[in-house]
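Q: I would like to learn how to read packing, pairing and symmetry in a model. Please show me.

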Number of protein chains: 2
Amino acid sequence: MKDHVSTRSAAPAVTAVTLTGGFWQDKQRVNRDITLPIEYDQCKKTGRLDAWKLEWKPGQPNPPHIFWDSDVAKWIEAVGYSLAQFPDPALQALCDEVIDWMAAAQQPDGYLNVHFTIVEPDKRWSNLEGAHELYCAGHLMEAAVAYYQGTGKRTLLDVMCRYADYIAATFGHGPGQKRGYPGHEEIELALVKLAKASGNDKYLKLAEYFINERGQQPHYYDQERRARGDAPKNHGPAEIGPYAVFQAHLPVREQLTAEGHAVRACYLYAGMASVAKATGDPSLLDACRRLWDNISTRRMYITGGVGSSRFSERFTFDYDLPNEEAYAETCAAIALVFFARNMLECDPDSRYADVMERALYNGVISGVSLDGRHFFYDNLLASHPEYHKFSGQKSPRRQEWFGCACCPPNIARVLASIGSYFYTSNDDAIWAHSYASCDATFSVAGQNVRLNQQTNYPWDGDVAITVHPDQPCSFALALRIPDWCRQAALKVNGKTMAIPAINERGYAVIRRQWQAGDKVELSLAMAPERIYAHPSVRHDAGRVALQRGPVVYCLEEVDNGPDLADLRLPPVAELDVHPGPADLGGVPVITGPALRRDKSAWDIKLYAADNSHYHAGSLMAIPYFLWANRDPGEMIIWILE
Amino acid sequence: MKDHVSTRSAAPAVTAVTLTGGFWQDKQRVNRDITLPIEYDQCKKTGRLDAWKLEWKPGQPNPPHIFWDSDVAKWIEAVGYSLAQFPDPALQALCDEVIDWMAAAQQPDGYLNVHFTIVEPDKRWSNLEGAHELYCAGHLMEAAVAYYQGTGKRTLLDVMCRYADYIAATFGHGPGQKRGYPGHEEIELALVKLAKASGNDKYLKLAEYFINERGQQPHYYDQERRARGDAPKNHGPAEIGPYAVFQAHLPVREQLTAEGHAVRACYLYAGMASVAKATGDPSLLDACRRLWDNISTRRMYITGGVGSSRFSERFTFDYDLPNEEAYAETCAAIALVFFARNMLECDPDSRYADVMERALYNGVISGVSLDGRHFFYDNLLASHPEYHKFSGQKSPRRQEWFGCACCPPNIARVLASIGSYFYTSNDDAIWAHSYASCDATFSVAGQNVRLNQQTNYPWDGDVAITVHPDQPCSFALALRIPDWCRQAALKVNGKTMAIPAINERGYAVIRRQWQAGDKVELSLAMAPERIYAHPSVRHDAGRVALQRGPVVYCLEEVDNGPDLADLRLPPVAELDVHPGPADLGGVPVITGPALRRDKSAWDIKLYAADNSHYHAGSLMAIPYFLWANRDPGEMIIWILE
């Protein structure tokens, strides 16, 4: 925060932030008690766990799929985070059993992949573009790090270091090495974590190699395809390039727009930010900023969802954000959160935290039901109960599991580690990026500093933070003033501070010598807001969304009747906030007047010149992330104004 | 029109109506001079014509496709209509050559199908559900009738009677007969034409058989699939049934909604109406009315386009009419026109003619470019130039040809026979369903009656009709008062008649003894109208379409700039009509004021609470059917109000 001080910071370890109540504690409890056990059961039931025993034989049913390893890995990672704070010997024993299978499955050269060990052993590394080997490796590395940090057990960490050593020997510019890189990125960010956990910078170099090699000519995927006897890929939007779906159309520093499969893209960008922070590479950080700007100002739903098309699950073009046809995969919103957090670690600017919070409270947690047992893969922004039957879209109800089951364990690992998204810190400063009731400890200004935060966020904008340094010390405490907040007030030990005077890139920065018990009170006015989309978003023209705090609201048929697209919110009507239905936990809902056209006046006409019959009524909007927890029916976010 | 008189009527032969000027004469001239020759060239170039020589051998490239026969058939049908009024020995010689190949290709048993004679000779009649054999047969029958009526030449008619005899022997309830029916309907309406042209009622009975057998249990397609070694079909929206895409989910009299592939559906319904007229079967006519009502009040675009989904090119559910994702195949709008005309022949009610006219002036002729050289397969109701690159949709520019080339020759046969859509008549009455400058002759009240019509319709609503009976005689002349007209005036020999007093089901019915030279003047006020869609059409909520007379208008980017979805038409603004750009032939355009949001005020924001910056401008709307004839860009029909 001072000129001579790096703005780089780090998110706290999972153990450093303890939730003490409120919104995220509830979510995390359901995740721990319900979601993690059923995900184990699903992995067991579908063969994903036992696949690690390598007992499958050709000709048998249910061959281990190329992405199964990653589903189990994300579950172990989630368990690692959970065990860090909530020891559970039975759960740990289940994990240890699988990890033992993994260790036994590792090949003498260090290779570790179920599918390419027993199903297609002759195809190892033959299809980096499509076969997910390095993606699975990345998730296993993340699992290894989380499990080591959560339990102190090194088995998987050691396994994955050996695997990473083998990968580092296999890929690179040296003689006999392949100049390949993953078709589904993820390993880049995982290698940075592995480097940090193991202390071995070789893994950071490998991440750099994968990032820098991406999109270079002659194109590795062309060569790889020819080696397989396939023709080079030549389809895809011509001006972007055939490999844009894998973000491999250009070297990453030349990529100006977010392209292709949104999960892959955001994992890549998160990895780039992570490497940029570790190496200080300014050209890589610039590339991250360009891609961030393109996503956050052109290609992101109001929910923080990204990847608007289900065709290749991809980014499309600027301002193309269809609601009913949205894809907005849960994993993509999660990957965007990773990108945001990694950018915050490089560069504390509230625009990253604004998006991180937008995604977390909307497009991420919409992916799991209130009961923790059902999951969305794609997160629609409008839904008609008949539409999916004719469009090839997935069901507009959350499902128990998916054949491609990336999303359920992904959301589990985010919820199990949610505390690590609220703050970052360095030697001189602590940044609070979002708010939750928690105790957090930091090493800052040479001291251990504990922050106790009390809040009912996101339902209320009052935040009280008590500062407890071991010894009085000077550092900056930077509190994010969210983009959605029109009026914020700040007091330190009861004395009001003028926020504009201390606002630095969206944070109210309090620099002082902190004494034990110093109290900071932040009050964020949280009125229901009308939000409009950019004039080029053709799907939202003439429409308004309701948002309160970071939470985007929606209308459901169960509360508002059918024909929601035709319901009109008068432009100047007052909006009220009330406690909502008990079956949604009584969270605040937004109510207001509404007009509807009188259908009886339409008789049997489909088109008519007379449009004058309206009747007045009301609307009730619920938090978007809670939709589809009650009776099926229509849903919209964007309301006609 | 009198109680004791049948309301059944007949459309005139193509030769009975001669265009004398105006809109359709221009279209027909381009069709004759440009479109018919290039369609011949395309059929030649792609192998469709030479396929009839049966020279293709297994292993050679470009095997004749299962639907190629129908493309050539529709071209011959169009040529037949054209030759009826515009003799052209060279064109006729080209046709005769192909017909000779067809005659030579007919098998000894009467069978005639290129694909199943030389490509898959062992598969004849093994896949009625999917292989288009009876569909091709139907189109060849229509070609045979048109060519016979246009030229007097019987070769193809005789060939097709032999083929129809063979089909009648193959299918039915008798011993050894197959109880099958076509997966792609069309032959039903063709058989009624063949019955009429040949005087052989057997073909009408065969049409009845195909219609009545459809959807019966045990299901023929299940049996046929088992015979092929396939499982019965079990996908498709569960409550509708797996064979709904072929309208074979239920017996036709139990079908309450228009389902499945829209071209197949409307050809079937047109055939049902045709059989109902010929047989007087009231239950079949009732089924037609139910399906008509469902389409026209629930499942039809403002353009007369039908089949809103490109997945199976199908009808979906009530009020599901997406604009940018529309399918609305040109052939489906044409099939709806056939259904409308056949219903008019059963039952003169202007609601059929209203839809027929809506489709003809909008969703049908949008299928061909102004220059007659390019064609739309699907007819979008809104378009963004980038969208198709990411959605799997076809290009939003008209193409020279298609691999599946049903639409280009379909539009050619409609334009070549357009005169037969304006009137129907019986012994007691002549109905004018739409207006055009033409001379038409009828046999009515025992006399030959000629009507001379002068109008600049659809650009002007003044219509003058002079009546020329051979001898003075009494009959009813029924003039349609279109649904779009708010103010109509009628004079007979200069004397005003009160339309409401003589309005019968949407027609002003003038009953009198007609003398040579009697003059009827109809004046239809043709102001630009704002048209709204039913409140359940979620895609059009808050939006208005502009229509003038039967012509639906649209906005194009070339006239109005980008971000058309966000352009707002003030609710009470006056709309003007002016002559339009010369490159669109100077046809009337609609202009009015418009508001746009100021994009500069949006800076780099994607979502914002401030929506207060607008600037005033104007809009210019052109006839929808003329879109995509100039610079590529956005297009919308439904304008924010």
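A: Start with a helix pair: α6(A) and α8(A) are oblique to each other, an angle class outside under 35 degrees (roughly parallel), over 145 (roughly antiparallel) and 65 to 115 (roughly perpendicular). This is a predicted model, where local features need pLDDT of at least 70, side-chain atom pairs count only at pLDDT 80 or more, and totals for chains, interfaces and linings use all residues. Residues are numbered from 1 along each chain as written, chains are lettered from A and ligands numbered from 1 in written order, and side-chain values use heavy atoms, without hydrogens and water.

Q: At what angle do α6(A) and α8(A) pack?

A: About 45°, with axes 10 Å apart. Axes are lines fitted to C-alpha atoms over the stretch in contact, and angles run from 0 to 180 degrees between N-to-C directions. Helix α6(A) spans residues 155–170 and α8(A) residues 202–213. Contact means heavy atoms within 4.5 Å. Among the contact residues are C161(A) and A164(A) of α6(A), and Y203(A) and F210(A) of α8(A).

Q: Which side chains of strand β15 of chain B are buried?

A: Buried means under 20% relative accessible area (1.4 Å probe, protein chains only). D518(B), V520(B), L522(B) and L524(B) are, on one face. K519(B), E521(B) and S523(B) point to the other face and are not.

Q: How many bridges join β9 of chain B to β15(B)?

A: Strands pair if DSSP finds at least two bridges. Here there are six, and the strands run antiparallel. I465(B) partners V520(B). Strand β11 of chain B is also antiparallel to β15(B), with five bridges.

Q: What rotation superposes chain B on chain A?

A: 180°, with 0.0 Å of shift along the axis and RMSD 0.0 Å. The fit is least squares on C-alpha atoms with pLDDT of at least 70 in both copies. That is the relation of a two-fold axis.

Conventions: Buried < 20%, exposed > 50% of the residue type's maximum accessible area, 1.4 Å probe, protein only. Helix = DSSP H or I, 4+ residues; strand = E, 2+ residues; numbered from the N terminus.
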